[in-house]
Amino acid sequence: MSLTPSQWAALLPLLIPAFGACLVILMSIDKDQATTKWIRGAMYGTALLAVGASFWYLTDLWRTGSQPAFFQLHMDRLAQFTGIFVAVAAALTILQSWDHFHQEGWVKGETLALLLFAVVGMVLFASTTHFVVLFLGLELFSIPLYALVGTVRARSESAEGGMKYFLTGAVASSCFLMGGVLTYGLSGTFDLAAAASILTVQGLTFDPLVLVGAALMLLGFLFKVSAVPFHQWTPDAYEASPHPIAGFMSVATKGVAFIALLRVFPGSFGSLGPVGAKMQAVLAVLAVATLVLGNLTALVQSNVKRMLAYSSISHAGYLMLGFVAGTPAAYTGVLFYLVIYLAMNMGAFGLLTAFGLVGEQTTFEDLRGLGWKRPAMGFSAAVFMLSLAGIPPLGGFYGKYMIFRELVGTGHVGLAILGVIASLVSAYYYLRFLVALFLQAPSAEAERLASDRPAVRAPLAGAAVLVSAAIVLAGGFIQYALADGFAKRAITEGLGLLR
Amino acid sequence: MTWLNLHPLTFLVFAPTVLGFLLMALPHALGKLARLLGFLGALAIFVLSLAWLLGHAPAAGGTVMAERTPWFTLVGLPVDYALAVDGLNLWLVLLTTFLVPLTMLGTWNSLKDRLGTFAALFLLLETGMLGALVAQDLFVFYLFWEAMLIPMYFMIGVWGGDERRYAANKFFLYTLSGSLLWLVALLYLANKAGGFNPAVMAQAASALPFGVQGWLFIAFAVAFAIKVPLFPLHTWLPDAHVQAPTAGSVILAGVLLKLGGYGFIRFAIPMFPQAAMHYAKPIALLSVIAIVYGALVAMVQRDIKKLVAYSSVSHMGFVMLGLASMTVIGTQGAMLQMLNHGISTGALFLLVGMLYDRAHTRMIADFGGVAVKMPIFTTFFMIVTLSSIGLPLTNGFVGEFWILNGTFLSGFQWGRLYACLATSGVVLGAVYMLWMFMRVFWGPENKDEDSGTHHLHSDLNAREIAVMLPVVVLIVWMGVHPKTFVAASETPVTALLQEVKAPAPRTFILTPAVHEASEAHEAVGAAGAHAPEAPTAHEVHQ
């Protein structure tokens with residue numbers, strides 16, 4: 001069968017990174033890839049080119065405003081938003097990986113190929129309401145990530161983290177599958193949008209099985225966004241992963257899971273009145289639990305990566321509050337928040353690479369005094385941490401502003417108060433990062449080690465950090481362009497809300 | 001130059017930031033150059049602000065300068081980029097632009113490292129303070145209000161004393177806690193009003209049930225009261241003041257605390273007049289407690305800087321008492337007292353800093369007989385001390401007198417008692433300041449090898465005298481002719497209080513429409529619809 005140009009157009013954002021991934025695998029056949037500089041350069045170049053091309057292609061689609069489709073794959077504005085989002089995350093990850101794997105002495109082309117396959121899965125996951133395609137996307141990005149977490153096989157805790165992530169993730173995936181199957185059994189269709197209208201027509205909206213199906217699907221999403229109580233894998237997996245991969249997981253997995261959730265719950269099941277309302281109530285309760293547990297646990301971490309993991313859990317809580325508010329403006333806020341969150345979290349993990357922290361060396365102690373030694377990185381760190389804490393005039397503030405505003409506007413004042421208290425608590429552990437960087441002198445031990453080691457050079461990771469800082473600052477000063485021009489159009493034109 | 005003609009306030013507010021980022025980019029080795037450039041920049045801002053703000057004749061209604069343009073609409077709610085200088089903030093803006101270069105000069109040699117970054121943060125802080133003072137849109141105000149925390153956090157945390165990390169975190173989180181809850185109230189009201197224009201928000205607030213208005217007022221008041229700080233929300237202040245470097249303490253006392261009082265008079269009281277009247281009495285009670293408690297705690301301090309910090313609690317209690325009196329004279333007194341406290345306490349912190357730079361101790365017991373070794377320093381310290389006590393002919397007297405007068409005439413149930421209790425605070429102020437002065441400066445010279453007096457080798461140099469002279473001039477000027485400094489705020493304050501006490505329906509006279517509203521209300525006033533007959537500040541002065 002031959003494809004129409006429009007169908008090709010819908011498939012290209014998947015084909016480009018997939019093709020790139022195959023090329024990288026071919027290059028990585030060479031055994032000396034770690035030592036042969038030009039092969040290494042070619043692999044990273046290819047990977048970067050692949051995500052760059054898909055970024056360029058998607059922004060072009062966005063500009064022209066066309067929303068092509070390939071059967072159940074809708075490359076609409078929301079999917080384009082996702083593709084751009086994931087491409088930026090992947091590009092920052094690739095830049096950071098170059099320096100990080102070099103520092104760790106562990107360079108393998110497969111990591112890049114796996115990353116690119118994950119990109120394919122993520123775009124697929126966020127561009128459909130057909131359950132089978134959705135599940136395909138979920139597995140296509142999950143399996144490479146399981147492998148990536150455990151990629152540094154020399155470290156036992158890396159394998160441990162990867163295994164934990166895999167086992168729990170497999171259970172969540174099966175629950176998700178079960179939910180879809182139940183919905184299919186009751187409605188006779190895998191297309192969730194159609195299923196919702198069929199269930200309404202048949203008067204099955206109050207059927208407990210519908211509720212169970214929806215709840216099981218919700219569980220699958222909540223696992224991926226690491227909401228409490230499905231969060232336990234997060235700190236272990238982040239700690240085990242190489243820094244850039246942890247950053248990528250924290251940002252891209254959470255991002256696409258929320259976007260797919262947007263499509264499924266308010267998007268398709270929104271018409272399923274009682275089920276939608278119940279899901280919103282569940283989300284409200286879990287958001288509270290996520291905010292409280294994530295923030296309180298993050299307070300007591302001494303390892304930066306574990307702190308960032310709990311911080312990423314708590315950010316899932318704020319984003320879930322956006323779903324509780326449930327207005328188009330709140331969903332716009334969620335997407336805006338995700339863009340800023342992408343930059344600040346990729347930046348925060350990128351700092352670890354830029355500062356040259358390898359292996360276990362990721363405690364607050366190891367950061368002491370580094371802000372003054374590397375002023376540009378220190379400045380970026382201040383931008384990321386203050387933005388994560390939601391201090392104006394940085395991007396993170398506007399994300400929280402939009403979500404809390406809608407929350408208050410829809411009468412959830414209590415949840416908004418809880419949200420701001422959670423932000424207050426979070427300010428403490430984000431400040432700890434800055435305290436270590438700026439307010440504490442390096443320990444004598446660290447000074448001695450530093451003088452023994454050659455100076456850290458991480459130009460690409462540094463560049464990635466600066467790009468991230470620029471995005472966070474842009475989110476603070478041209479927030480309306482990002483929110484109204486980018487996020488809002490993805491919601492209104494892509495999701496069809498407020499059309 | 002047309003851009004500058006259209007946006008003078010934008011220039012004043014953001015020029016320090018631009019300069020600050022340039023200084024931040026300078027290499028470490030050029031720290032001394034950065035310090036000089038920072039000082040010259042701040043001085044230029046001061047001269048410009050003086051020339052522009054006092055050079056323009058105020059428009060009808062007291063607005064000296066204003067800018068208003070739609071800034072952005074973020075998913076629905078519009079935010080206006082609205083700045084204005086009017087009678088309420090004119091002198092606070094000038095106080096800020098004055099104190100920044102003065103402090104930079106006064107603490108020229110206090111810091112040894114990272115001079116460029118410090119100057120840069122100082123300038124960023126100036127942007128935050130000026131922006132918060134001139135903002136006429138609550139969203140913009142909130143942005144500047146919060147953004148101020150960041151440079152101050154680093155100033156305390158990096159260059160502060162031994163407990164600097166604890167003090168910096170406490171300062172940051174304490175202030176943030178108030179403003180985050182305030183943010184929820186702000187969002188609630190903005191959703192009702194469809195924007196952040198204070199006048200529109202006030203209108204929306206008046207349509208709400210009184211109970212809701214009360215909660216909203218409390219949310220506003222707590223955020224501002226933390227900044228003031230009003231008892232019992234003052235506990236961050238001694239830590240922050242004592243641990244901050246001298247420059248940080250001066251600005252903290254001189255300007256940041258004023259923003260709390262300013263927030264009350266600019267936003268909290270006019271936006272929720274009914275609730276403000278309702279809660280005026282508890283606020284007055286807390287103010288009286290702050291006055292007496294602050295003074296008593298100051299009395300027993302052994303560290304001069306900590307003593308000055310607690311004296312701030314007491315003095316700012318006077319400001320809050322004046323505002324809570326809801327009389328023209330009391331409010332005008334509070335406006336003047338804010339300036340007084342900025343000048344006197346700022347100068348006290350500078351002087352303590354000068355002493356500390358020489359002796360490396362601030363303990364009262366380590367001194368004695370300093371007058372013998374540093375006569376010029378002692379003279380300046382005496383003048384500032386007397387101003388802080390409120391000796392007639394110095395600035396402190398006028399402000400406190402008006403506030404006490406306003407409280408006495410407020411018509412509260414316990415108003416007269418509050419005035420009497422607060423007056424004891426003036427006496428206690430004399431006790432702790434003079435007792436400290438006596439122990440540090442008079443008596444036989446402390447000849448102990450380890451004592452602070454022993455390490456004093458030089459009196460004030462020309463630079464330090466140059467810093468103190470304008471302060472002394474201002475102290476006397478404000479004491480002898482306070483009208484210069486309160487004339488601008490008389491009209492808006494009078495109009496505001498008429499508005500607050502007027503029966504519904506209200507017309508919401510928030511700036512820049514002060515003038516029309518005040519005219520509208522003169523008719524009401526003539527008909528005798530509003531009570532207490534307090535003399536205006538002007539009359540009392542004469």
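This report describes the fold, aromatic pairs and backbone features of a two-chain structure, chains A and B.

The structure is a predicted model, in which local features need pLDDT of at least 70 and side-chain atom pairs count only at pLDDT 80 or more, whereas totals for chains, interfaces and linings use all residues. Residues are numbered from 1 along each chain as its sequence is written, chains are lettered from A and ligands numbered from 1 in the order in which they are written, and side-chain values use heavy atoms, with hydrogens and water left out.

**Overall fold**

Chain A contains 20 helices and 2 strands, and chain B contains 23 helices and 2 strands. These elements are DSSP runs numbered from the N terminus, with helices (H or I) of at least four residues and strands (E) of at least two. For the 499 residues of chain A, a compact globule would have a radius of gyration near 23 Å, and the value of 22 Å for chain A agrees with this. For the 542 residues of chain B the expectation is near 24 Å, and the value of 22 Å again agrees. The radius is taken over C-alpha atoms, and the globule rule is 2.2 Å times the number of residues to the power 0.38.

The following table sets out further values for each chain.

| Chain | C-alpha extent along principal axes | Residues buried | Area exposed | Share of area from carbon and sulfur |
|---|---|---|---|---|
| Chain A | roughly 75 × 55 × 40 Å | 62% | about 16400 Å² | 70% |
| Chain B | about 70 × 55 × 40 Å | 64% | about 18300 Å² | 68% |

Buried means under 20% relative accessible area, exposed means over 50%, and partly exposed lies in between (1.4 Å probe, protein chains only). The areas come from the Shrake-Rupley method with a 1.4 Å probe; for residues, only the protein chains shown count as cover.

Among contacts with a separation of 6 or more, residues 24 or more positions apart account for 80% in chain A and for 79% in chain B. A contact here means heavy atoms within 4.5 Å.

In chain A, the mean positions of the 27 positive and 23 negative charges are 4 Å apart. In chain B, the mean positions of the 26 positive and 27 negative charges are 5 Å apart. Lys and Arg count as positive and Asp and Glu as negative, without His or the chain ends; each charge is placed at NZ of Lys, CZ of Arg, CG of Asp or CD of Glu.

**Aromatic pairs**

Over all chains, the structure holds 74 aromatic pairs. Rings of Phe, Tyr and Trp (its six-membered ring) pair if their centres lie within 6.5 Å; planes under 30 degrees apart count as stacked, over 60 as edge-to-face and the rest as tilted. One of the pairs joins Tyr146(A) and Tyr165(A) in an edge-to-face arrangement, at 5.0 Å centre to centre and 80° between the planes. Tyr146(A) belongs to helix H5 (residues 131–149) of chain A and Tyr165(A) to helix H6 (residues 156–187) of chain A, 19 residues apart. Tyr146(A) and Tyr165(A) are both buried.

Phe46(B) and Phe98(B) form a tilted pair, with 5.6 Å centre to centre and 50° between the planes. Because Phe46(B) lies in helix H3 (residues 31–55) and Phe98(B) in helix H4 (residues 90–106) of chain B, the pair ties together parts that are 52 residues apart in sequence. Both Phe46(B) and Phe98(B) are buried.

**Backbone features**

Most residues other than glycine have a negative phi, and most peptide bonds are trans. In chain A, the peptide bond from Pro392(A) to Pro393(A) is cis, with omega near 5°. Pro393(A) sits in the loop between helix H15 (375–388) and helix H16 (395–409) of chain A. In chain B, a cis peptide bond joins Phe231(B) and Pro232(B), with omega about 0°. The loop that holds Pro232(B) runs between helix H10 (210–227) and helix H11 (236–243) of chain B.

Met326(B), a residue other than glycine, has a positive phi near 60°. Met326(B) occupies the loop between helix H14 (304–325) and helix H15 (328–359) of chain B and is buried, with a relative accessible area of 4%. Leu393(B) also has a positive phi, near 80°. Leu393(B) is placed in the loop between helix H17 (375–389) and helix H18 (395–408) of chain B and is exposed, with a relative accessible area of 59%.
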